[in-house]
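Hi,

Here is the structure I promised to pass on. Have a look at it first, and then read my notes below.

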Amino acid sequence: MSPMIRTLAATTTFAVLAAGTSFAENPMVGGAAMYENKTIVENAVNSADHTTLVAAVQAAGLVETLSGEGPFTVFAPTNEAFAKLPAGTVETLLKPENKDQLTKILTCHVVAANALSDAIVKMVDDDNGAHPVTTVGGCEFTAMYEGDKIMIKDGQGNVANVTIADVKQSNGVIHVIDSVLLPASCSPSLSGQRPRPGRVNRPCSGAATSNRSPPRLRPAARSALPFRPIVRPLWIGGQASCPLFRAWPNGGRRAISARRPSIMSGAVRPP
């Protein structure tokens, strides 16, 4: 073999090895290669494990945002993570009328920074084992780690484990997680909990509501009200949650006060 051929062969081998090394830096996700020169969305659509997440991002109108310059850190739940939610929840969230709630949940998986795992571990150490994480959606989560496993505690107290870390993108980084992160203000039906009497339940967007029953009134007091209390349940995922109660009018309180002056210093307060 001539010196020129040997030189060309060595150069080609080096180039192939170098290319293989550059691709090896990024782990495969969902059976697909992840490329550092592609955006979060461009890579995510190729993962067989993230078809639900991609559909949700499209339904929420976040494709353009997550294709932007960033940088973004995305905690990406797998299809199995979404499957842990109560039956019917994903289908309900994907409906156009629930776009705001879906957007809130998805943006709570995004941090406006390029946070690789070693940086997260350092921040956790600096904060004595629990680092507060503020997301684009306004959620406050907590980052922790155990051994080499990074964990995120959501607003409901559930913990998601990072199963694949440091999937570098042109506009940030993806960390694959095994559970959906829920805001503290999410309906209990999304976290698999049942509403309990007296508990304050909050949808993923909007004000808090209570499911405490209105006070029982004697027939005489009830007849003095301008209207009867109306309970309208909010249906999410095929079950009623976050009951909403119409406020008691001031006139109703005065009427009750005239008949039952001993209740709450002359007034019945709204639940």
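To start with a small one: in which loop is N128 found? N128 sits in the loop between helix 8 and strand 3. I bring this residue up for its backbone: phi of N128 is near 60°, a positive value in a residue other than glycine. Keep in mind throughout that this is a predicted model, and that the values below are computed from it.

There is another backbone detail to look at, this time at a proline. The peptide bond from G70 to P71 is cis, with omega near 5°. P71 belongs to the loop between helix 4 and strand 1.

Now the sheet. It is an open one, made by 7 strands in the order 2-1-7-6-5-4-3, and the pairing is mixed. At the edges are strand 2 (110-111) and strand 3 (131-134), each of which pairs on one side only. Helix 8 (residues 117-126) packs on this sheet and touches strand 1, strand 3, strand 4, strand 5, strand 6 (159-169) and strand 7 (172-177). The direction of helix 8 makes about 100° with that of strand 4. As for strand 4 (residues 140-146) and strand 5 (residues 149-153), they pair in the antiparallel sense over 5 bridges. If you want a residue pair to find your way by, T142 has K153 in strand 5 as its bridge partner.

Next, the cysteines. How many disulfides does a search of the whole structure find? The search finds 1 disulfide, and it joins C108 to C139, with an S to S distance of 1.7 Å. The link of C108 and C139 is right-handed, with 65° about the S-S bond. C108 lies in the loop between helix 7 and strand 2, while C139 lies in the loop between strand 3 and strand 4, so the pair ties together parts that are 31 residues apart in sequence.

Then there are the open and closed spaces. The largest pocket has a volume of about 210 Å³. It is lined by 18 residues, and the closest to its centre are I40, A44, L53, V57 and L66. Which elements supply at least two residues each to this lining? They are helix 2 (40-44), helix 3, helix 4 (63-66), strand 1 (72-77) and helix 7 (99-107). Helix 3 gives the largest share of the lining, 4 residues. By residue type, the lining of the largest pocket divides into 15 nonpolar, 3 polar and no charged.

As for closed spaces, a search of the whole structure turns up 3 cavities of 30 Å³ or more. The largest cavity has a volume of about 50 Å³. Its lining is made by V29, M34, N43, A44, S47, H50, L53, A76 and I174, which divide into 6 nonpolar, 3 polar and no charged. You will recognise A44 and L53, which line the largest cavity and are also among the residues closest to the centre of the largest pocket.

The second largest cavity comes in at about 40 Å³. T52, A56, F82, V90, L93, L94 and L102 line it, and here the split is 6 nonpolar, 1 polar and no charged. Both helix 3 (51-59) and helix 6 (89-93) supply at least two residues of that lining. Helix 3 therefore turns up twice in these notes, as a contributor to the second largest cavity and to the largest pocket.

That is what I have for now. Shout if anything is unclear.

Cheers

Technical notes. Residues numbered from 1 in each chain as written. Predicted model: local features only at pLDDT ≥ 70, side-chain atom pairs only at ≥ 80, totals over all residues. Heavy atoms only, no water. 1 Å grid on protein atoms, 1.4 Å probe; cavity = no way out; pocket = protein on both sides within 12 Å on 5 of 7 lines; lining within 4 Å. Points joined across faces, edges and corners; volume = space filled by probe spheres on them. Nonpolar A, V, L, I, M, F, W, Y, C, P; charged D, E, K, R; others polar. Pairing = 2+ DSSP bridges. Contact = heavy atoms within 4.5 Å. Axes fitted to C-alpha atoms, helices over the stretch in contact; angles between N-to-C directions. Disulfide = S-S within 2.5 Å.
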